[in-house]
Amino acid sequence: MTGPSASVATPDDWPEVVDLRTRVFVGEQGVPPEIEQDDRDATAVHVVSRGRAGGVAGRVVATGRLLLPGDGSRTAAIGRMAADISVRGLGHGAAVLAELHRQAALRGATAVELHAQVSARGFYERAGYTAVGPEYLEAGIAHVTMRRVLERPDADRVAGGQGSGAGRV
Ligand SMILES: CC(C)(COP(=O)(O)OP(=O)(O)OC[C@H]1O[C@@H](n2cnc3c(N)ncnc32)[C@H](O)[C@@H]1OP(=O)(O)O)[C@@H](O)C(=O)NCCC(=O)NCCS
């Protein structure tokens, strides 16, 4: 059986994305609700992975967002990565990250950076990221900036399309 697959969220998915992010970041991690959503949500590319069985079948169980580079940069930013606690370790987070990489490359980005919670550093290292710089506090949580180079999107298509090539994590 293949693992989870992720896709770009539709506007109809937004309430479920907000619910999931609120459960994870506000409920589990104590991030203040007023900073969980921000202006960048309006222009970000949001990606979701859906549950495949049991009570979460068809529901949004993992999400993340992509902020496209401005002012001539080709480095995109990924953030708000969250998987529902009931599905962690099943590949939904990796599927979301792979689709975010694919979307970033399709839009011309050549690299991605993110502010990783130190507790999730290993998750990003498995996906090809390297830490750059020292740890620091953000929203009261220890973070480290991590970076990954993206494969070209046409190399992804040649390699077999979605989920392979740039999306291989
Ligand atoms: C981080 C998070 C998004 C990962 O999602 P997930 O669906 O559990 O991850 P996956 O099942 O796709 O894991 C992919 C790989 O990373 C590993 N992994 C997952 N979380 C990890 C962690 N915290 N540390 C080290 N490795 C981790 C998995 O074991 C798996 O390894 P494998 O490829 O060898 O099997 C999820 O744990 C989460 O929502 N955490 C709380 C919120 C959070 O910390 N977000 C990150 C903000 S920077």
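**Questions on a predicted fold**

User: Which elements do the buried residues of H1 pack against?
Analyst: Helices (H or I, at least four residues) and strands (E, at least two) are DSSP runs, numbered from the N terminus. Packing rests on contacts: two residues touch if their C-beta atoms, placed from the backbone, lie within 7 Å. For the buried residues of H1, the partners are helix H2 (33-36), strand S2 (45-50), strand S3 (60-67) and strand S4 (75-83).

User: What kind of model is this, and what is its average pLDDT?
Analyst: It is a predicted model: local features need pLDDT of at least 70, side-chain atom pairs count only at pLDDT 80 or more, and totals for chains, interfaces and linings use all residues. Residues are numbered from 1 along each chain as its sequence is written. pLDDT is the predictor's confidence in each residue, from 0 to 100. In this chain 90% of the residues score at least 70, and the average is 91.

User: Where does pLDDT stay under 50?
Analyst: The model still has 29 contacts beyond four places in sequence for this stretch. The stretch is residues 158-169.

User: In what order do the elements of the chain run?
Analyst: The chain has 5 helices and 8 strands. Read from the N terminus on, with α for a helix and β for a strand, the order is β-α-α-β-β-β-α-β-α-β-β-β-α.

User: Which residues of H1 are buried?
Analyst: A residue is buried if 20 or more other C-beta atoms lie within 10 Å of its own, exposed if 12 or fewer, and partly exposed in between; the C-beta atoms are placed from the backbone. An α-helix has 3.6 residues a turn, so residues three or four places apart point the same way. In H1 the buried residues are Val17, Leu20, Arg21, Val24 and Phe25.

User: How far apart are the end C-alpha atoms of H1?
Analyst: The expected span of a helix is 1.5 Å times one less than its number of residues. H1 covers residues 14-28, so its 15 residues should span 21 Å. The distance in the model agrees: 20 Å.

User: Where is the kink in H1 centred?
Analyst: The bend at a residue is the angle between axes fitted to the seven residues ending there and the seven starting there. In H1 the kink is about 30°, and its centre is threonine 22.

User: Which element gives the largest share of the largest nonpolar core?
Analyst: A nonpolar core is a set of buried Ala, Val, Leu, Ile, Met, Phe, Trp, Tyr and Cys residues joined through C-beta atoms within 7 Å. The largest one has 35 residues, and Leu100 and Val112 are among those with the most contacts inside it. At least two core residues come from each of H1, S2, S3, S4, helix H3 (92-106), strand S5 (111-117) and strand S8 (141-149). The largest share, 8 residues, comes from H3.

User: Which residues does leucine 100 touch?
Analyst: Nonpolar side chains tend to be buried together in soluble globular proteins. Residues up to four places away in sequence are not counted here. Beyond them, leucine 100 touches Val47, Gly64, Leu66 and Ile78.

User: How many residues of H3 are buried?
Analyst: H3 has 15 residues, and its end C-alpha atoms are 21 Å apart, which agrees with the expected 21 Å. The helix is mostly covered. Its buried residues number 14 of 15.

User: Why is S3 largely enclosed, and how many of its residues are buried?
Analyst: S3 has 8 residues. It is largely enclosed by the rest of the structure because the buried ones number 7.

User: Which residue of S4 is the bridge partner of arginine 65?
Analyst: Two strands pair if DSSP finds at least two bridges between them. S2 and S3 run antiparallel with 6 bridges, and S3 and S4 run antiparallel with 5. Arginine 65 in S3 partners histidine 46. In S4 its partner is glycine 79.

User: Is aspartate 71 buried or exposed?
Analyst: Aspartate 71 sits in the loop between S3 and S4. Its phi is positive, about 35°, although it is not a glycine. With 4 other C-beta atoms within 10 Å, aspartate 71 is exposed.

User: Which residues is threonine 75 in contact with?
Analyst: Threonine 75 lies in strand S4. It counts as partly exposed, with 16 C-beta neighbours inside 10 Å. Leaving aside neighbours within four places in sequence, its contacts are Pro69, Ala109, Ala111, Val112 and Glu113.
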